[in-house]
Amino acid sequence: MIKKFLDLGMQPLANKFLTKKDLIKKKIENSYYLEVGFDTKTKLVSILHTISSKKMFDGKYPYRASMSKTMLNSFSKLADRINRKFNPKKIMEIGSNDGAFIKNFNKKNVIGVEPCSNMANITKKKGYKTYADYWNIKLAKKIKLNNKNVDLIYSANTLSHIQDLDSVFKSIDIVLPDDGVLIIEDPSLLDCFKKISYDQFYNEHIYVFSLLAISIFIKKYKLEVFDIERLSTHGGSLRYYIKRYKNKKFKVNKNVHDQLKAEVKFGLNKYKTYLKFKSNVKNSKKKLREIFNKIKKNNKTIIGYGSTAKVCTVLAYCKIKSGTLDYFLDTTPNKVGKYMAGSHIYVKKYTKPLTDEADYVFLGAWNFKKEIFKKEKKYIKNGGKFITHIPFPQIINK
Ligand code: JHZ
C-alpha cells in the first residue's frame with residue numbers, strides 16, 4: 001500500500017529552461033503536482049504523479065555530467081575498478097548522457113544508450129556506438145542481437161528516472177549473461193533523509209532508492225546485490241553491484257548486510273520515519289524563507305550557484321520569488337543565457353571565480369560544495385558568504 005508522506009506543491013519541469021523569446025511570448029509553462037509516497041510493502045519511495053519520459057528527456061536536455069570534476073573523477077575511478085575486478089569484454093551504459101563514463105573505455109569495448117538525442121550525438125561524434133533510444137524490451141532485444149558479448153551493464157542516475165521498473169529489469173534480463181554483472185548507482189534514500197534533501201524529489205526523479213527496496217524488487221528477477229559502495233556524489237549515493245542468483249563467482253559482501261541494518265535502524269522500513277521527514281522538510285522551508293527574507297530586508301543581494309534540477313524544487317516549494325535572487329551562475333552551455341523553469345531566474349555564464357558579485361551566494365549545487373569551495377577559496381577567504389539549505393538552512397563560509 002502506497003502511503004503519501006510529502007507534498008511539495010506545484011512544480012515546473014526542472015530541466016525545461018526558457019529562452020527570452022519564450023518569456024516575451026508568455027509561453028505557457030506546465031506545472032505538475034509533486035507528492036511523494038512510501039510503499040509499505042515494497043519499501044519503494046516514489047513520486048505519485050508521473051510525467052511521460054518523452055516530455056522530459058528529449059533533444060534539448062541540458063544536463064551534462066561532464067560539467068563537474070567530481071563526477072568525472074568518480075567515473076574514472078569506477079572504470080579502473082571495473083577493469084581490475086571484472087575485466088569485462090563489453091560494457092553497456094544505460095543513460096550515457098554526454099559520455100562522462102564511457103569515455104574511460106576503448107570505443108570497441110563499450111556502448112551507450114541515451115534517449116536525449118543531443119547528448120547521444122556528443123558520444124556518437126566521438127566514435128562511441130550509442131543507441132539514441134529509451135531503455136526498453138525492444139531496444140534490449142536489438143542490442144542483444146548486435147552485441148552478443150556485453151557482460152557488464154552500468155547505469156548511473158538513470159534507473160530512478162524510469163517509471164516502469166519491471167520493464168527496466170526485464171530488459172536487463174535480456175542482455176545480461178548468466179555470469180554478467182549489473183552496476184547501478186542512484187541517490188540514496190538514507191542520505192536524503194539524513195540530509196533533509198527533499199530536493200532529491202522532482203519530476204525526473206520518480207524513485208529515490210534504498211538498498212532495502214532494491215533488494216526486494218530485484219528478487220523476482222532472481223538477482224541479488226553482492227556488493228555496495230557508498231558514494232558522496234549527488235548528495236550521497238549508493239552503488240549496487242548485482243548478479244544473478246546462479247552466478248556463484250561472487251559472494252555477498254558484509255557491507256550489504258551492514259547497509260541493510262543501517263537502513264532498518266534508521267527506520268526506512270517504517271512509515272513513521274517518513275512522517276518525521278515531512279516535519280523536517282516543513283521546518284527547513286520555514287527557516288530558509290526566514291534567512292532569505294532577513295537578507296532582502298537588509299537590502300543585500302543574493303545570487304545562486306548551480307542552476308540544478310534540485311534547486312527548482314526548493315524555489316517552488318519555499319515560494320522564493322524570482323526577484324529574491326539576481327541570477328544563477330552555471331557552467332552548462334545549454335543552460336547559460338536562459339531562464340530557470342518556474343522561477344524564471346536568469347542563468348548567467350560562470351566565467352571566473354567569485355569576487356564581489358553579491359553579498360550572499362545560494363548554493364544550488366550543494367552536492368558539489370567541496371568542489372565549489374575549492375574553486376572559490378579566495379572569495380571565502382575575503383569573507384564571502386554562502387547560503388545552503390543542507391542539512392538545514394544556514395549561512396556558511398566553510
Ligand atoms: P547537479 C541532474 O540533476 C538531473 P541536478 C538528473 N535528473 C539527475 O539525476 C542528476 O543530474 C544526476 C553546475 N555547476 O549535477 C552544473 C557549476 O555551475 O547537481 C550543473 O548545472 N559549477 C539527470 O541538475 C549544476 O551545477 C560547478 O563548479 O540537480 C549541478 O547539477 C559545479 C560543480 C556545477 O544535478
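A disulfide is a pair of cysteine sulfur atoms within 2.5 Å. With that criterion in hand, the tour of this predicted model may begin at its cysteines.

**Stop 1: the cysteines**

A search of the whole structure finds 0 disulfides. Select Cys312, which takes part in no disulfide; the nearest cysteine sulfur belongs to Cys318 and is 12 Å away. Now select Cys318: its sulfur has that of Cys312 as the closest cysteine sulfur, and the 12 Å between them is too far for a bond. Cys312 is buried, at a relative accessible area of 4%, and Cys318 is likewise buried, at 0%.

**Stop 2: the sheet E1-E2-E3**

Next, select residues 2-12 (strand E1) and 45-47 (strand E3), which are the edge strands of an open sheet and each pair on one side only. The sheet has 3 strands in the order E1-E2-E3, with antiparallel pairing. From one strand to the next, the twist averages 20°. Strand E2 comprises residues 31-39, and its antiparallel pairing with E3 extends over 3 bridges. To see one bridge partner, display Gly37 together with Ser46 of E3.

Which helix packs on this sheet and touches E1, E2 and E3? Selecting residues 271-297 shows helix H10, whose direction makes about 25° with that of E1. Then add residues 309-317, helix H11, which lies across E1 and E2 and runs at about 85° to E1.

**Stop 3: helices H5 and H6**

Move to residues 137-146 (helix H5) and residues 165-175 (helix H6). These helices pack at an angle of about 10°, and their axes are 8 Å apart. Angles under 35 degrees count as roughly parallel, and H5 and H6 are therefore roughly parallel to each other. On the H5 side, show Ile137, Ala140, Lys141 and Lys144; on the H6 side, show Ser167, Lys170, Ser171, Ile174 and Val175. Together these side chains form a mixed set: the residues of the contact divide into 4 nonpolar, 2 polar and 3 charged. The spacing along each helix may be read with a general rule in mind: an α-helix has 3.6 residues a turn, so residues three or four places apart point the same way.

**Stop 4: helix H8**

Select residues 211-219, helix H8. How many of its 9 residues are buried? The count is 7, and the helix is mostly covered. Colour Leu211, Leu212, Ala213, Ile214, Ser215, Phe217 and Ile218 to display the buried residues. They pack against H6, already visited at the previous stop, and against strand E8 (181-187), strand E9 (223-231), strand E10 (237-244) and helix H9 (254-266).

**Stop 5: backbone details in three loops**

Start with Asn97, located in the loop between strand E4 (90-94) and strand E5 (110-113). Its phi is near 45°, a positive value in a residue other than glycine. Is Asn97 buried or exposed? Asn97 is buried, with a relative accessible area of 10%.

Continue to His344, in the loop between strand E12 (328-330) and strand E13 (347-349). His344 also is not a glycine, and its phi is positive, about 60°. This residue is partly exposed, with a relative accessible area of 30%.

Finish at Pro391, in the loop between strand E15 (385-388) and strand E16 (394-396). Display the peptide bond from Ile390 to Pro391: the bond is cis, with omega near -5°.

How values were computed. Residues numbered from 1 in each chain as written. Predicted model: local features only at pLDDT ≥ 70, side-chain atom pairs only at ≥ 80, totals over all residues. Heavy atoms only, no water. Buried < 20%, exposed > 50% of the residue type's maximum accessible area, 1.4 Å probe, protein only. Axes fitted to C-alpha atoms, helices over the stretch in contact; angles between N-to-C directions. Helix = DSSP H or I, 4+ residues; strand = E, 2+ residues; numbered from the N terminus. Parallel < 35°, antiparallel > 145°, perpendicular 65-115°, else oblique. Contact = heavy atoms within 4.5 Å. Nonpolar A, V, L, I, M, F, W, Y, C, P; charged D, E, K, R; others polar. Pairing = 2+ DSSP bridges.
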